[in-house]
Amino acid sequence: MTFVERNEVREHFGTSYIKRLGQPSGTVRYAILSHRWLNQGEPTYEEIKAGTAAGPGYEKLKNFCAKAVEYSMEFAWSDTCCINRSSSTELDESIRSMFRWYGNSAICIVHLAQSETIEDIMEDEWTERGWTLQELLAPARIKFVNKYWVPMTGDRNDKDDKDDINERREPAEILETLERATGIPYDDLRRKFCPSPSEVDKRMTWAARRKTTRVEDVAYSLMGMFDVSLQIAYGEGGDRAFCRGHPGW
């Protein structure tokens with residue numbers, strides 16, 4: 001596992017590669033992690049860069065990277081250590097770009113730390129967190145893994161309920177369970193999600209039961225879903241952040 005900063009990606013591929021295929025954001029296939037943060041012990045940007053990361057959060061990161069390799073990904077991105085939170089500029093850019101980053105990923109690996117079986121998803125805190133809503137909706141391809149990092153289905157893509165010849169199968173158990181756990185209709189889970197400032201009432205019901213650690217994140221975590229952009233201002237309070245959001249909120 002090698003720590004690679006964003007400005008090193010271009011150097012990694014080489015000028016000729018970029019010139020031939022375009023910018024890294026359109027050509028780099030990467031895995032992205034969706035998970036419930038630990039109360040403490042997640043590796044930070046500084047710790048990974050210094051090589052001092054340790055503990056359960058670091059073990060989770062290593063397991064994620066191992067899964068990314070299994071799915072033939074060269075890069076892996078985690079929100080714990082791939083954002084320099086000491087830089088307000090980078091934090092602001094990252095939060096406003098998060099939906100797009102999840103949407104551009106080649107695969108989103110969802111680690112359900114409280115689940116062993118599909119039915120356990122009903123009680124997993126991952127389904128109740130504010131930021132994981134966009135992490136469920138944005139990616140085109142998702143793989144759910146349980147607390148032991150074992151895939152919860154044998155499917156290539158847990159959001160796709162079609163078979164190898166592109167015909168609709170029987171409803172997928174994992175999508176049916178997610179529908180019950182999240183309140184998001186089955187068809188909305190499986191189809192490509194289009195962010196827009198529309199269907200406000202419907203989409204707000206999906207977010208209504210979700211919780212965030214910081215009150216402002218209740219609004220910030222909805223930016224991508226509604227395709228709006230807010231300047232990040234932690235400390236402003238949840239009500240003020242909401243008022244700066246979509247008029248329909």
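**Close-up views of a predicted model**

**View 1. Aspartate 227 in the loop between H12 and H13.** Aspartate 227 counts as exposed, because its relative accessibility of 54% lies over the 50% limit. The structure shown in this and the following views is a predicted model. Aspartate 227 sits in the loop that runs between helix H12 (223-226) and helix H13 (238-243), and its phi is near 55°, a positive value in a residue that is not glycine. Aspartate 227 is also one of the residues in contact with serine 196, when the neighbours of serine 196 within four places in sequence are left aside.

**View 2. The loop between H9 and H10, with serine 196 and glutamate 199.** Serine 196 belongs to the loop that links helix H9 (186-190) to helix H10 (200-207). Although serine 196 and phenylalanine 226 are 30 residues apart along the chain, their C-alpha atoms are separated by 4.5 Å. With its neighbours within four places in sequence set aside, serine 196 is in contact with Arg203, Met225, Phe226 and Asp227. Glutamate 199 lies in the loop between H9 and H10, and it has a positive phi of about 50° without being a glycine. The relative accessible area of glutamate 199 is 44%, so this residue is classed as partly exposed, between the limits of 20% and 50%.

**View 3. Strand S1 and its partners S2 and S3.** Of the 5 residues in strand S1 (residues 30-34), 5 are buried, and the strand is thus mostly covered. Tyr30, Ile32 and Ser34 point one way from S1, whereas Ala31 and Leu33 point the other way, and both sets are buried. S1 pairs with strand S2 (residues 75-77) in the parallel sense over 3 bridges, and within S2 the bridge partner of tyrosine 30 is phenylalanine 75. S1 is also joined to strand S3 (residues 107-111), by 4 bridges and again in parallel; here alanine 31 has isoleucine 107 of S3 as its bridge partner.

**View 4. Strand S4 beside S3, and the contacts of asparagine 157.** S3 and S4 run parallel and are joined by 4 bridges, with valine 110 standing opposite phenylalanine 144 in S4. From strand S4 (residues 142-145), Ile142 and Phe144 point one way and Lys143 and Val145 the other, and these four residues are buried. Asparagine 157 is found farther along the chain, in the loop between S4 and helix H8 (173-182). Its relative accessibility of 11% is under the 20% limit, and asparagine 157 therefore counts as buried. Asparagine 157 and lysine 143 are 14 residues apart in sequence, and their C-alpha atoms are 6.0 Å apart in space. Leaving aside its neighbours within four places in sequence, asparagine 157 is in contact with Ala140, Arg141, Ile142 and Lys143.

**View 5. The largest nonpolar core, with Phe144 and Leu178.** This core holds 47 residues, and among them Phe144 and Leu178 touch the most other members. The largest share of the core, 6 residues, is contributed by helix H6 (residues 88-104). Not counting residues up to four places away in sequence, leucine 178 touches Ile121, Trp126, Leu136, Phe144, Gly183 and Leu189. Another core, of 16 residues, lies apart from the largest one, and Phe64, Ile109, Val145 and Trp149 are among its members. Phe144, in the largest core, and Val145, in the core of 16 residues, point opposite ways from S4. As a general background to this view, nonpolar side chains in soluble globular proteins tend to be buried together.

**View 6. The second largest pocket and its lining.** The volume of the second largest pocket is about 700 Å³. Its lining comprises 25 residues, of which Trp37, Arg85, Trp131, Thr213 and Asp217 lie nearest the centre of the pocket. H6 and helix H7 (131-137) each supply at least two of the lining residues. Sorted by class, the lining is made up of 8 nonpolar, 8 polar and 9 charged residues.

**View 7. The chain as a whole, for orientation among the close-ups.** The secondary structure of the protein comprises 13 helices and 4 strands. The protein has 249 residues, of which 48% count as buried. Among the contacts between residues at least 6 apart in sequence, 60% join residues that are at least 24 apart.

Technical notes: Residues are numbered from 1 along each chain as its sequence is written. This is a predicted model: local features need pLDDT of at least 70, side-chain atom pairs count only at pLDDT 80 or more; totals for chains, interfaces and linings use all residues. Side-chain values use heavy atoms; hydrogens and water are left out. A nonpolar core is a set of buried Ala, Val, Leu, Ile, Met, Phe, Trp, Tyr and Cys residues joined through side-chain atoms within 4.5 Å. Buried means under 20% relative accessible area, exposed over 50%, partly exposed in between (1.4 Å probe, protein chains only). Contact means heavy atoms within 4.5 Å. On a 1 Å grid over the protein atoms alone, a cavity is a set of points where a 1.4 Å probe fits but cannot get out, and a pocket is an open set with protein on both sides within 12 Å along at least five of seven lines; lining residues have an atom within 4 Å of a point. Grid points are joined across faces, edges and corners, and a volume is the space filled by probe spheres set on the points. Ala, Val, Leu, Ile, Met, Phe, Trp, Tyr, Cys and Pro count as nonpolar, Asp, Glu, Lys and Arg as charged, and the others, Gly among them, as polar. Two strands pair if DSSP finds at least two bridges between them.
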